[in-house]
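Below are exercises on one protein chain, each with a worked solution. Work through each task with the sequence and the structure in view before reading on.

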Amino acid sequence: MKLNRLEQASYPVQMVQQPPAYEADDDTIDLRSLFTTLWRGKWIVVICTIIASVFGFLAVSQMEPTYRASAKVMFDIQQTNVVNIEEVLVNQQFDASALEDQVEVLRSTNLIERVIEELRLDQNPEFNPVLRIPEPTILDRINEIVAIPPEVTDLAMNIGLISPPPPEPDPIEAARRERLEVINNVLSGLSLQPVGRSRVIQISYVSDNPRTAAQVVNTIAEQYIVDQLEAKLEATRAATSWLSTRVEELRLRVQTAEENVEAARSELSDETGQTLEVTQQQLEALNASLATARANGSRLEALYNRLTDAVENDRDLGAISEFRASALIQRYRQQQDELLAQRVALEGTVRAGHPALVRLEQQLTEVQRNISAEAGRIVSASEIDLKAAQAQEASLMDEVRRLEQKALEQSRNQVQLRQLDREAEASRVLYENFLGRLQETSEQEDLQEADARVLSPAEQPLFPEGQAKRRALMIAVLLGGVVGVGLVILLDRLNNTFRSPNQLEDLSGENVLGVLPAIGSRMKRSDIIKHFREKPSSSLAESIRNLRTSILFSNIDKPPKVVMFTSSVPREGKSTSSMLIAMTSRQMGKSAIIVDCDLRLPALARLLNAADGQPGLISVLEGTTEIEDAVFKDPESGLHVLMTRSGERNKNINAADILSSKKFEELIEELSQEYDLVILDTPPTLVVTDARIISKLADAVVYAVRWDSTPRGAVMEGLKELKSIDAPLAGVVMTLINEEKASRYSYEGYSYYKGRYKDYYG
């Protein structure tokens, strides 16, 4: 089942996959493209540079000659210090910041004022504008020729043509302004430049008078050295004065602190009766006695316990050394031994119960009782000694505690005394330091040296300076070149057309099917067709064949049979391109027909010089003529064209209604069955709606864009109109390319190589 044109248009068109264009990174500068743009506008750059050079030369020629005098000063000279006085006169190590500080000192207002006063520059018209002879104004020159009435002058002031004279300034304010102007004029000619990485600064001055230039430079150097000496001397004197005052204050502080220490020590001695040292000595002696008493008490307690234990347990008293040492107990023990010996002797000779034995037993009992009584007395004596030792220990302990409490109180009082003593010592040390510093400063006051010296004084220049003129001329030339380059880039940025296929493809988002070169600047369409027919191997013919191939391969599965050509605006080469495509198909043995769908301004009839008497498209649609009778067959090319004749047009019939009719759709269907290729030449998309209506009947829509002519906005708007109705866009074609210029605008892509190798084509 065969589909009609509207059904075929609803199927998506398979686009030919073109190789992707080179996409430059937005952050990368394309130096080759930039150089190409500048080379195209080289004459603009040259003309701007020449104009700027001429104006620069004229400006330089009006400049008055100036003279430059220079002197060199070396900074950071080591000081001859006979005493250590770093805090008063700091000798800084040399570095870049120190050199910059010295440069700022040389530019200081105080130093410049001293130079002005020394050289009386305020009385020199070169520096004091008040002393200059005022140049006559235009009004003054007119007054010299013609006397202007005061009324006219007042009227000119009232309407703003002449500024009224300024009010007289206050004398003090006028003097201040005059002084500032003189200072600024002196500073304007001064330049300070460090010499390499050394400690030397070159002082230069530019003036109209060579003698003045040398004097100013030398005076600045001299006054700077004098300023350094005065600043150091003033600093030393200020330091001496401050140190003197400070030393006197510290002396009084030391005296007061020492008096406070002595007063506190005397008060403490009166309160305690003795010093802390005496108390501590007494405490040490008592601690020693207490230790001895404790040792003695422990010994007596052990002795008492041992004696008591021996007596209570009825032990042998002879085994106890204390009992054995008693002479009385020893005598009793001897008596006991004698009585025991007698009893033994009697027991052998007398019977028991004998009175002698009884008497001996009584004597033994008495002796034992005496020994026990004596042992008891020894234990009692030991107990008495123990209690005495314990009493002595307790007494010593109380005395130690009393002295410890006293020493603690004295220590607490000593804290305040030590604090006062430390304050007095600190004040004494500070006083001695400041006193020594005062002596050093007083000695250093007569030994001041400047931190700089003049290496080479300025000499009076013999020749005027030409560097300023050369610099001004060079700046003018560079400025002209920069303006020329900027103008070229601006003109390139302001261009709103397409100059390369890659640019067209990137901005439109559509594939570029081909590019068609222009073969002449003023050639007619008939001449182009004649050139195409006579030179089948030309660049134009190859481009047309390339375009036809791209169109047919836009849908590989189903090559388009109905191809519509349109554009954004008129005169973009779409009618000529459609005819050349049809002629190429005929040359390749394929039948083709062109339908002129521009019912308002038909162009194919004029292009082929066809007679107006023959019927055309409208007659076929009205049914008054058969298709075979309306088709024009060019005898030279054999091309079949269904034209729109001017005589057939009816002003009362709308072209859009005709093109959207069912009869027009059936006509296209019938032509597509009879011919291998049907080409629809339609009006511009942005002018009328005909192209959007006809696009529904086409298998592929080719959008023509004229090189370096069609505005970008028009192309984008036209493509947007077609996309809004889902037109089967096959791609865009760039027409009327000037290959020689295009090769300069685009150094990549088809147009570049076509321009470079155009001699390859016959």
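**Exercise 1. Two loop residues with positive phi**

Task: Decide whether Arg571 is buried or exposed.

Solution. Arg571 has a relative accessibility of 67%, so this residue counts as exposed. The scale used here calls a residue buried under 20% relative accessible area, exposed over 50% and partly exposed in between, with a 1.4 Å probe and protein chains only. Next, locate the residue: Arg571 sits in the loop between strand E6 (562–567) and helix H18 (574–587). Helices (H or I, at least four residues) and strands (E, at least two) are DSSP runs, numbered from the N terminus. Last, look at the backbone: the phi angle of Arg571 is near 60°, a positive value in a residue other than glycine.

The steps can be repeated for Asp726. Its phi is also positive, near 60°, and Asp726 is not a glycine. Asp726 belongs to the loop between helix H25 (712–724) and strand E12 (729–737). With a relative accessible area of 64%, Asp726 is exposed.

A note on the source: this is a predicted model, in which local features need pLDDT of at least 70 and side-chain atom pairs count only at pLDDT 80 or more, while totals for chains, interfaces and linings use all residues. Residues are numbered from 1 along each chain as its sequence is written, and side-chain values use heavy atoms, with hydrogens and water left out.

**Exercise 2. Salt bridges**

Task: State how many salt bridges the structure holds, then examine individual pairs.

Solution. Side chains of opposite charge can pair when their charged atoms come close. The criterion for a salt bridge is a side-chain nitrogen of Lys or Arg within 4 Å of a carboxyl oxygen of Asp or Glu. The structure holds 13 of them.

Step one: take Arg114 and Asp227, whose side chains form a salt bridge with an N to O distance of 3.1 Å. Arg114 is in helix H5 (residues 109–119) and Asp227 in helix H9 (residues 210–272), so this pair ties together parts 113 residues apart in sequence. Arg114 is partly exposed at 21% relative accessibility, and Asp227 is partly exposed at 25%.

Step two: take Arg369 and Glu366, where the closest N and O atoms of the salt bridge are 1.6 Å apart. Both residues lie in helix H13 (residues 355–444), three residues apart, which is about one turn of the helix. Arg369 is partly exposed, with a relative accessible area of 45%; Glu366 is partly exposed too, at 33%.

Step three: take Glu510 and Lys723, which meet in a salt bridge of 3.0 Å, N to O. Glu510 lies in the loop between H15 and E5 and Lys723 in helix H25, so the pair ties together parts that are 213 residues apart in sequence. Glu510 counts as buried at 11% relative accessibility, whereas Lys723 counts as partly exposed at 40%.

Step four: look for shared partners. Glu173, Arg176 and Arg177 are joined into one network by salt bridges that share partners.

**Exercise 3. A nonpolar surface patch**

Task: Find which helix gives the largest share of the nonpolar patch.

Solution. Patches are made of residues with over 30% relative accessible area and no salt bridge; like charges are joined within 9 Å, and nonpolar side chains (Val, Leu, Ile, Met, Phe, Trp, Tyr) within 5 Å. The nonpolar patch includes Trp43, Ile47, Phe55, Leu473 and Val477, and its residues together have about 1,100 Å² of accessible area. Accessible areas come from the Shrake-Rupley method with a 1.4 Å probe; for residues, only the protein chains shown count as cover. Helix H3 (42–61) and helix H14 (467–494) each supply at least two residues. The largest share, nine residues, comes from H3. Ile47 is located in H3 and is partly exposed, with a relative accessible area of 48%.

**Exercise 4. A negative surface patch**

Task: Name the element that gives the most to the negative patch.

Solution. The patch is formed by Glu626, Glu628, Asp629, Glu666, Glu670 and Glu674. Two elements give two or more residues to this patch, helix H21 (627–630) and helix H23 (662–674). H23 gives the most, with three residues. Asp and Glu count as negative and Lys and Arg as positive, while His and the chain ends are not counted. The place of a charge is taken as NZ of Lys, CZ of Arg, CG of Asp or CD of Glu. Glu670 lies in H23 and is partly exposed, at a relative accessible area of 40%.
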